[in-house]
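Hi there,

Here is the structure I promised to pass on. Have a look first, and my notes follow below.

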Amino acid sequence: MQKVVRLVIDVFNVILGIAAIVLTVMAFVNTKGNMWAFPIIFAVGAAMNLITGVKHFMSDKKVAGIISEVAAVALGVFAFVCYRAIGG
């Protein structure tokens with residue numbers, strides 16, 4: 001069962017990674033027109049770190065899990081600050 005959960009986490013991470021890359025390219029091609037994408041990019045990064053941290057905790061890699069969770073919180077805060085900075 002744990003292998004299936006880890007596989008689902010990996011697939012979800014790949015999907016989120018592709019979304020982050022597409023949004024990043026869009027944001028940097030037309031920065032003024034796509035300012036809305038920056039908080040989403042950071043939120044996607046936070047989500048990726050969050051689920052990676054869960055995967056590490058499932059694999060008994062506690063330190064790596066804690067580091068991933070702290071990075072997720074930091075990116076989440078940064079996404080919120082970015083959202084507020086662009087007028088959201």
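A word on naming before the details: helices here are DSSP runs of H or I with at least four residues, numbered from the N terminus. Please also keep in mind that this is a predicted model.

**The loop residue**

With that naming, α2 spans 37-58 and α3 spans 62-85, and Asp60 sits in the loop between them. The backbone there caught my eye: Asp60 has a phi near 60°, a positive value in a residue that is not glycine. Asp60 also counts as exposed, because its relative accessible area is 63% and the cut-off for exposed is over 50%.

**The nonpolar cores**

Which residues make up the largest nonpolar core? There are six: Leu23, Ala27, Ala37, Phe38, Ile41 and Cys82. Two elements, α1 (2-29) and α2, each contribute two or more residues to this core. The largest share, three residues, is from α2. Within the core, Ala37 touches both Leu23 and Ala27, leaving aside its neighbours within four places in sequence. Apart from this core lies another one, made of five residues, including Ile9, Leu16, Ala20 and Ile51. As general background, nonpolar side chains tend to be buried together in soluble globular proteins.

**The aromatic pairs**

How many aromatic pairs does a search of the whole structure find? It finds two.

In one of them, Phe28 and Phe38 meet edge-to-face, at 5.6 Å centre to centre with 85° between the planes. This pair links distant parts of the chain, with Phe28 in helix α1 and Phe38 in helix α2, 10 residues apart. Are these two rings' residues buried or exposed? Phe28 counts as exposed because its relative accessibility is 57%, whereas Phe38, at 16%, counts as buried. Phe38 is also one of the residues of the largest nonpolar core.

Phe42 and Phe78 form an edge-to-face pair too, with 4.6 Å centre to centre and 80° between the planes. Phe42 belongs to helix α2 and Phe78 to helix α3, so this pair ties together parts that are 36 residues apart in sequence. Both residues fall in the partly exposed class: Phe42 has a relative accessible area of 23%, and Phe78 has one of 44%.

If you open the model, you could begin at Asp60 in its loop, then go on to Phe38 in helix α2, and end with the pair of Phe42 and Phe78.

Best wishes

Note on methods
Residues are numbered from 1 along each chain as its sequence is written. This is a predicted model: local features need pLDDT of at least 70, side-chain atom pairs count only at pLDDT 80 or more; totals for chains, interfaces and linings use all residues. Side-chain values use heavy atoms; hydrogens and water are left out. Buried means under 20% relative accessible area, exposed over 50%, partly exposed in between (1.4 Å probe, protein chains only). A nonpolar core is a set of buried Ala, Val, Leu, Ile, Met, Phe, Trp, Tyr and Cys residues joined through side-chain atoms within 4.5 Å. Contact means heavy atoms within 4.5 Å. Rings of Phe, Tyr and Trp (its six-membered ring) pair if their centres lie within 6.5 Å; planes under 30 degrees apart count as stacked, over 60 as edge-to-face and the rest as tilted.
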